[in-house]
Amino acid sequence: MPFSRLAHATTPTAHIGLGLAAVGRPGYINLGREDDLPAERSVEALRERTHELLEAAYAQGVRYFDVARSYGRSEEFLADWLNHRPDIDDVVIGSKWGYTYTADWHIDAEAHEVKDHSLATYERQRAETAELLGDRLDLYQIHSVTPDSPALTDKELHARLAEAAAGGLSIGFSTSGPAQAEAIRAALAVTVDGAPLFRTVQATYNVLETSAAPALAEAHDAGLTVIVKEGVANGRLVEPYAPDVLKAVTAETSLGCDAVALALILRQPWAGVVLSGAVTANQLASNLHAAVVDLDDDQLSRLAALVEDPRAYWERRGQLPWH
C-alpha cells in the first residue's frame, strides 16, 4: 500500500496532500481564483505555477500529490516535474479516471468535463495516464462515484481493476454529492474473488459538509486510506468569504481561516490525507499551518454549528461559476 510510506514521515505536513484541480486548467469553481492566478492562463503559465507549487509543497514536507484525467493538463504538469526531479522517490502519486476534460483550455466552455464510468473509458484513460505517469502512479481512483454509478456494479470493470491491483497499482474511488455516505458503503461491499477491491476513498468533508463522516469512519475501520478533498469548500471557508464564526475562531489562533478549517479535518481519527487545493505559494504555506493548529472544545462546538444540510451544500456548490 503506497500510503504506508507516509507512516514513516516525520514532518507534521506529511499527511497534507496537494491537489492540482485548480492549476491544471484555466477555469475552475474556487472562489477568488480569478485574482490568484495570472491574467494570462496559458499552458506554460499554469505549468510554471504548478511546478512552483510542487517544489514548495515538497520542500515543506508534503508527500502526496493528486491529479485526474479531467484536471486539464495536471497529469502532464506533474509528470514534467517528476521527470525533472528523479531524486524524489518518497512521494505518493494518485490520479483519477471517469471524467474527460472537454473545455479545450477555454474558461467559458459550455461543458468542462463529461462523466463516463464505463469500461471503455477506463481502458482509454488508463492508457493515457500510463503514457504520462508510467510507473510513478501509485493510486488510480474512479472519479466521483455516486450511488447510481455503473462502476459499482460492472463486474467486468471490477475484474480489470483487480488485474491492475494485482500488478501493483492501488485502486480507489472518490465521491461527490449529497449521498456520499451511501456511495461509500456501496463501494465497501465491492469484492473480486472474495477480496475487497478498493484500498482508498476520497471524499468531500469540511466544517460545512460533514455527512460522510460515519461512512468514512467505517471505511477507515475496514482498512481503507481516507483522503479528504474540498476542505475549504471551494473557497467558502477562506477570507473574505468565511462565515463570521470561523473568522472569530481564527482570530483566536492568529492563523488563517483556511488553516483552522483544515485543522478541523486533520483531527478526525479516520483522516489519512487532507488535500490542499492552493494555487499560490502563500496559500499553500497558510494551508500547511493546519498541522499546528490546536482547537479547544469551545471552539470546536462553535464551528460545529456551521454544518449545513447536505443537499443545500451541494446545491450551492453546483451554482459556483467557473472562473
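Start at a helix pair: in this predicted model, α6 passes α7 in a left-handed crossing.

**Stop 1: α6 and α7**

Select residues 180-188 for α6 and residues 213-221 for α7. Their axes lie 8 Å apart, and the packing angle is about 20°. Angles under 35 degrees count as roughly parallel, so α6 is roughly parallel to α7.

Now show side chains. From α6, pick Ala-181, Ile-184, Arg-185 and Leu-188. From α7, pick Pro-214, Ala-215, Leu-216, Glu-218 and Ala-219. These residues make the contact. Colour them by class: seven are nonpolar, two are charged and no polar residue takes part.

**Stop 2: α2 and α3**

Next, select residues 43-59, helix α2, and residues 74-84, helix α3. What is the angle at which the axes of α2 and α3 cross? It is roughly 55°, and the axes come within 9 Å. α2 and α3 are therefore oblique to each other. The crossing of this pair is right-handed.

On the α2 side, display Val-43, Leu-46, Arg-47, Thr-50, His-51, Leu-54, Glu-55 and Tyr-58. They meet Glu-76, Phe-77, Leu-78, Asp-80 and Trp-81 of α3. By class, this contact holds seven nonpolar, two polar and four charged residues.

**Stop 3: the largest pocket**

Turn on a surface and find the largest pocket. Its volume is about 990 Å³. Which residues lie nearest the centre of the largest pocket? Select Tyr-28, Ile-29, Asn-30, Glu-230 and Asn-234. They belong to a lining of 49 residues.

Several elements give two or more residues to that lining. Step through them:

- helix α1, 33-36
- strand β6, 139-145
- helix α9, 257-266
- strand β12, 273-276
- helix α10, 281-288
- helix α12, 310-318

Colour the lining by class. You will find 20 nonpolar, 17 polar and twelve charged residues.

**Stop 4: two backbone details**

Stay with strand β6 and select Ser-144, which lies in it. Check phi there: the angle is near 60°. That is a positive value in a residue other than glycine.

Then go to the loop between β11 (225-229) and α8 (244-253), where Pro-240 sits. Is the peptide bond from Glu-239 to Pro-240 cis or trans? This bond is cis, with omega near 0°.

**Stop 5: Pro-310**

Finish in helix α12, where Pro-310 is found. Which residues touch Pro-310, once its neighbours within four places in sequence are left aside? Pro-310 is in contact with Pro-178, Glu-209 and Ser-211.

For a last distance, pick the C-alpha atoms of Pro-310 and Gly-256. The two residues are 54 residues apart along the chain, and these atoms are separated by 25 Å.

Terms used: Residues numbered from 1 in each chain as written. Predicted model: local features only at pLDDT ≥ 70, side-chain atom pairs only at ≥ 80, totals over all residues. Heavy atoms only, no water. Axes fitted to C-alpha atoms, helices over the stretch in contact; angles between N-to-C directions. Helix = DSSP H or I, 4+ residues; strand = E, 2+ residues; numbered from the N terminus. Parallel < 35°, antiparallel > 145°, perpendicular 65-115°, else oblique. Left-handed = near helix turned anticlockwise from the far one by under 90°. Contact = heavy atoms within 4.5 Å. Nonpolar A, V, L, I, M, F, W, Y, C, P; charged D, E, K, R; others polar. 1 Å grid on protein atoms, 1.4 Å probe; cavity = no way out; pocket = protein on both sides within 12 Å on 5 of 7 lines; lining within 4 Å. Points joined across faces, edges and corners; volume = space filled by probe spheres on them.
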